[in-house]
Amino acid sequence: MLIGKPADIASAEITSLSDYRKFMSRRKLLKGAALAGAAALGAERVAEFLSPQTVRAGTKLQTVPSQLTTTGEQLTSYTDATTYNNYYEFGVDKDQPAKNAGRLPTRPWTVKIEGKVAKPLTFDIDALLKLRPLEDRVYRHRCVEAWSMVIPWVGYSLSELIKQCNPLSTAMYVQFLSYFDAKVEGAWMSQSSISWPYSEGLRMDEAMHPLTLLTFGMYGETLANQNGAPMRVVVPWKYGFKSAKSIVTIRLTDKMPSTTWNDMAPGEYGFYSNVNPNVDHPRWSQKTERRIGQPFYAQHKATLMLNGYADQVGSLYSGMDLKRNF
Ligand code: MTE
């Protein structure tokens, strides 16, 4: 499988106006769904939810280098990676998660692994941090909204954890459920038509691929709350919404699990959602992306097939029609 070759991109292909429209249309979907909840809740609680909170500072993590790191590209700054976020439980604007996610209680924290396993397990987060050496892995991070970053994540392959619970042969998919408590994340969201908790899923072979990272940190420190503390997954060849944050349950299933964005707009957000420059979002092009934090002349880049990881993961999709594989 070929990795897409960067091409010259006319800056007019993605203008700031089209980026803005893309973002607004996705936000509108959520805001519309959340509006009824906000009305029911009353202005006082909404104001409380929107008030800024201090997010806990990261703790340094002991890490080892990784064979699976991607090198050569300039890292996104820590400030950009922690202030330009999608974490809708804490607000729909990019700067809201950094202001609101401080209320997420990241200790004590337990993670359940259940479903089609011989040995269901519950782990304390501090035990998970010690299960395997924590690797530094720089990955490209590409959002379906056509912006991207390069982030040094910290973690180990998700397969290391899944193996612990002896998956049954009937386990075909893995579902991830994020933390949700209306008292913490804002009742206006819970009263919306979105069915929380945030749910995402992978096919079993995707989940077991070594690149799929069970992630505890970034930039050598524990994850900031707005990035999905204390534990998320990162699936670098898929659009970012596949990488669920603040996970409390990992469920192995025999059927394709229902997932939040796919439920909300199945024609726009497929279960696979592999990064693919040849499959446009119905309302915008995926041919190019905007690298956050780069000067304007260097911002626009060609989208790479499978986000540049085609050599490693292309074989997972051999025989599948990539045009339909969205
Ligand atoms: N996980 C939860 N629980 N809630 C979310 O809203 N947003 C997703 C994904 N994981 C999201 C989530 C989306 S749309 C993206 S692009 C990435 O997280 C963003 O990760 P980042 O904020 O660390 O860049």
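**Exercise 1.** In this predicted model, determine which polar backbone atom and which side chains hold N or O atoms close to ligand atoms, beginning with the nitrogen atom of the ligand that is 2.9 Å from a polar backbone atom of Ser243.

*Solution.* Step 1: the backbone of Ser243 supplies a polar atom at 2.9 Å from a ligand nitrogen. Step 2: for Glu89, an N or O atom of the side chain lies 2.8 Å from a nitrogen atom of the ligand. Step 3: for Lys245, the side chain places an N or O atom 2.6 Å from an oxygen atom of the ligand. Step 4: the cut-off for a polar contact is 3.5 Å. The protein covers 100% of the 530 Å² of accessible area that the ligand has on its own.

**Exercise 2.** Describe where the ligand sits and how many residues of each class make up the shell around the ligand.

*Solution.* Step 1: the site of the ligand is the largest cavity. Step 2: the ligand is surrounded by 18 residues, and the closest are Tyr88, Glu89, His141, Arg232 and Lys245. Step 3: sorted by class, the shell comprises 7 nonpolar, 7 polar and 4 charged residues.

**Exercise 3.** Is Thr215 buried or exposed, and which backbone oxygen does the side chain of Thr215 reach?

*Solution.* Step 1: Thr215 belongs to strand β8, which spans residues 213–218. Step 2: the relative accessibility of Thr215 is 0%, and therefore Thr215 counts as buried; the cut-off for buried is under 20%. Step 3: the side chain of Thr215 reaches the backbone oxygen of Leu213, at 3.0 Å.

Note on methods: Residues are numbered from 1 along each chain as its sequence is written. This is a predicted model: local features need pLDDT of at least 70, side-chain atom pairs count only at pLDDT 80 or more; totals for chains, interfaces and linings use all residues. Side-chain values use heavy atoms; hydrogens and water are left out. A residue is near a molecule or strand if one of its heavy atoms lies within 4 Å of it. A polar contact is a pair of N or O atoms within 3.5 Å; within protein, one must be able to donate a hydrogen and the other to accept it, and residues adjacent in sequence count only if both atoms are side-chain atoms. Accessible areas come from the Shrake-Rupley method with a 1.4 Å probe; for residues, only the protein chains shown count as cover. On a 1 Å grid over the protein atoms alone, a cavity is a set of points where a 1.4 Å probe fits but cannot get out, and a pocket is an open set with protein on both sides within 12 Å along at least five of seven lines; lining residues have an atom within 4 Å of a point. A molecule sits in a cavity or pocket if more than half of its atoms lie within 2 Å of its grid points. Ala, Val, Leu, Ile, Met, Phe, Trp, Tyr, Cys and Pro count as nonpolar, Asp, Glu, Lys and Arg as charged, and the others, Gly among them, as polar. Helices (H or I, at least four residues) and strands (E, at least two) are DSSP runs, numbered from the N terminus. Buried means under 20% relative accessible area, exposed over 50%, partly exposed in between (1.4 Å probe, protein chains only).
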